[in-house]
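Take a walk through this structure, from the overall fold down to single residues. Keep the sequence and the 3D view side by side.

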Amino acid sequence: LYSSQTTDEIRPSLCFGSRRHQGGKTMAFDFAWNTQKNQLSDVKGKEREQEREGKIKNYMIDPTRTHLNYDFVKSETGLYQRVKERSEFLKSQGSKVQKNSVVLYSNIITIPKVEAAKMTDDEHKAYFQSCYEYFCDRYGDENVLSAKVHLDETTPHMHLHFMPVNKENGKLQARTVMGPKALREIHDQL
């Protein structure tokens with residue numbers, strides 16, 4: 001996601017590609033990043049999918065491996081409740097939060113199966129952690145509400161959810177935070 005001169009960390013640096021260090025050499029690989037905007041009414045479905053609640057329709061999910069999934073964001077409350085509480089706080093601070101407001105961006109960051117097979121569990125975790133840290137740096141820790149890594153499917157991936165809060169003024173502003181310019185910047189830095 002962002003580059004580093006050190007060789008002791010995994011620091012992705014290319015648009016739809018990243019670099020990882022293995023045995024002192026840098027290796028590049030392609031990955032996929034998908035983002036989707038959500039209103040509050042969409043969040044419960046995202047939470048159920050992420051937490052593997054309800055009827056699972058995806059045949060690629062191996063329920064015997066679901067216990068391997070983990071979240072970088074530690075919280076006692078579910079995603080929907082976190083979004084609702086953060087939205088209410090932002091509203092109290094002057095943000096316009098309406099029924100149709102984009103309150104959450106859902107991102108899926110995927111390591112291709114071929115590359116994932118070459119990586120150790122620690123390398124997977126370090127890679128996803130660097131992605132999580134990138135979004136925390138860009139949008140603020142308090143606005144990255146979930147970063148759940150799924151290891152129970154054929155390809156390791158992370159569901160990362162953040163609220164589009166403008167760090168300059170502290171307001172919910174999806175068009176500014178995730179407009180075309182911001183998307184290009186993220187693509188260039190991913």
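Start with the cysteines. The model, which is predicted, holds zero disulfides. A disulfide is a covalent bond between the sulfur atoms of two cysteines. Look at C131 anyway. C131 counts as buried because its relative accessible area is 0%, under the 20% cut-off. C136 is buried too, with a relative accessible area of 6%.

Now step back to the whole chain. The protein chain has 190 residues, and 47% of them count as buried. Its secondary structure comes to six helices and nine strands. Sequence distance matters for reading the contacts. Take the contacts in the protein chain with a separation of 6 or more: residues 24 or more positions apart account for 69% of them.

Next, the nonpolar interior. The largest nonpolar core holds 29 residues. Within this core, F135 and M158 touch the most other members. Which elements give two or more residues to this core? They are β5 (104-110), α4 (121-139), β6 (144-150), β7 (157-162) and α5. Helix α4 gives the most, with eight residues. Another core lies apart from this one. That other core has 12 residues, including V43, Y80, M163 and V165.

Strand β5 deserves a closer look. L104 lies in this strand. Is L104 buried or exposed? L104 is buried, since its relative accessible area is 0% and the cut-off for buried is under 20%. Leave aside its neighbours within four places in sequence. L104 is then in contact with Q36, K37, N38, V43, L79, V83, H161, F162, M163 and P164. Two of these contacts, V43 and M163, are also named among the members of the 12-residue core. There is a further long-range pair to check. L104 and L172 are 68 residues apart in sequence, yet their C-alpha atoms are 9.6 Å apart in space.

Move on to a charged residue. K46 sits in helix α1, which spans residues 40-51. Why does K46 count as buried? Its relative accessible area is 17%, and buried means under 20%, so K46 falls on the buried side. Which residues does K46 touch, not counting those up to four places away in sequence? They are Q36, N38, L79, S106 and H161. Compare this with L104: Q36, N38, L79 and H161 are in contact with L104 as well.

Strand β3 (residues 32-38) comes next, and T35 lies in it. T35 is partly exposed, with a relative accessible area of 27%. Residues up to four places away in sequence are again set aside. T35 touches Y105, S106, N107, M178 and L183. Two of these partners can be placed further. S106 is also touched by K46. The C-alpha atoms of L183 and T35 are separated by 9.5 Å, although the two residues are 148 residues apart along the chain.

Stay with the end of the chain. H187 is found in helix α6, residues 180-189. H187 is partly exposed, with a relative accessible area of 22%. Buried means under 20%, so H187 does not count as buried. Where does the chain bring H187 in space? The C-alpha atoms of H187 and W33 are separated by 8.5 Å, with their positions 154 residues apart along the chain.

Finally, look for open space. Rolling a probe the size of a water molecule over the atoms shows where empty space is left. The largest pocket has a volume of about 460 Å³. Its lining has 16 residues, and the closest to the pocket's centre are S101, V102, Q173, A174 and R175. Two elements give two or more residues to this lining: β9 (171-172) and α5 (174-177). Helix α5 gives the most, with three residues. What is the make-up of the lining by class? There are five nonpolar, seven polar and four charged residues. Helix α5 thus links two parts of this tour: α5 lines the largest pocket, and α5 also gives two or more residues to the largest nonpolar core.

Definitions and conventions: Residues are numbered from 1 along each chain as its sequence is written. This is a predicted model: local features need pLDDT of at least 70, side-chain atom pairs count only at pLDDT 80 or more; totals for chains, interfaces and linings use all residues. Side-chain values use heavy atoms; hydrogens and water are left out. A disulfide is a pair of cysteine sulfur atoms within 2.5 Å. Buried means under 20% relative accessible area, exposed over 50%, partly exposed in between (1.4 Å probe, protein chains only). On a 1 Å grid over the protein atoms alone, a cavity is a set of points where a 1.4 Å probe fits but cannot get out, and a pocket is an open set with protein on both sides within 12 Å along at least five of seven lines; lining residues have an atom within 4 Å of a point. Grid points are joined across faces, edges and corners, and a volume is the space filled by probe spheres set on the points. Helices (H or I, at least four residues) and strands (E, at least two) are DSSP runs, numbered from the N terminus. Ala, Val, Leu, Ile, Met, Phe, Trp, Tyr, Cys and Pro count as nonpolar, Asp, Glu, Lys and Arg as charged, and the others, Gly among them, as polar. A nonpolar core is a set of buried Ala, Val, Leu, Ile, Met, Phe, Trp, Tyr and Cys residues joined through side-chain atoms within 4.5 Å. Contact means heavy atoms within 4.5 Å.
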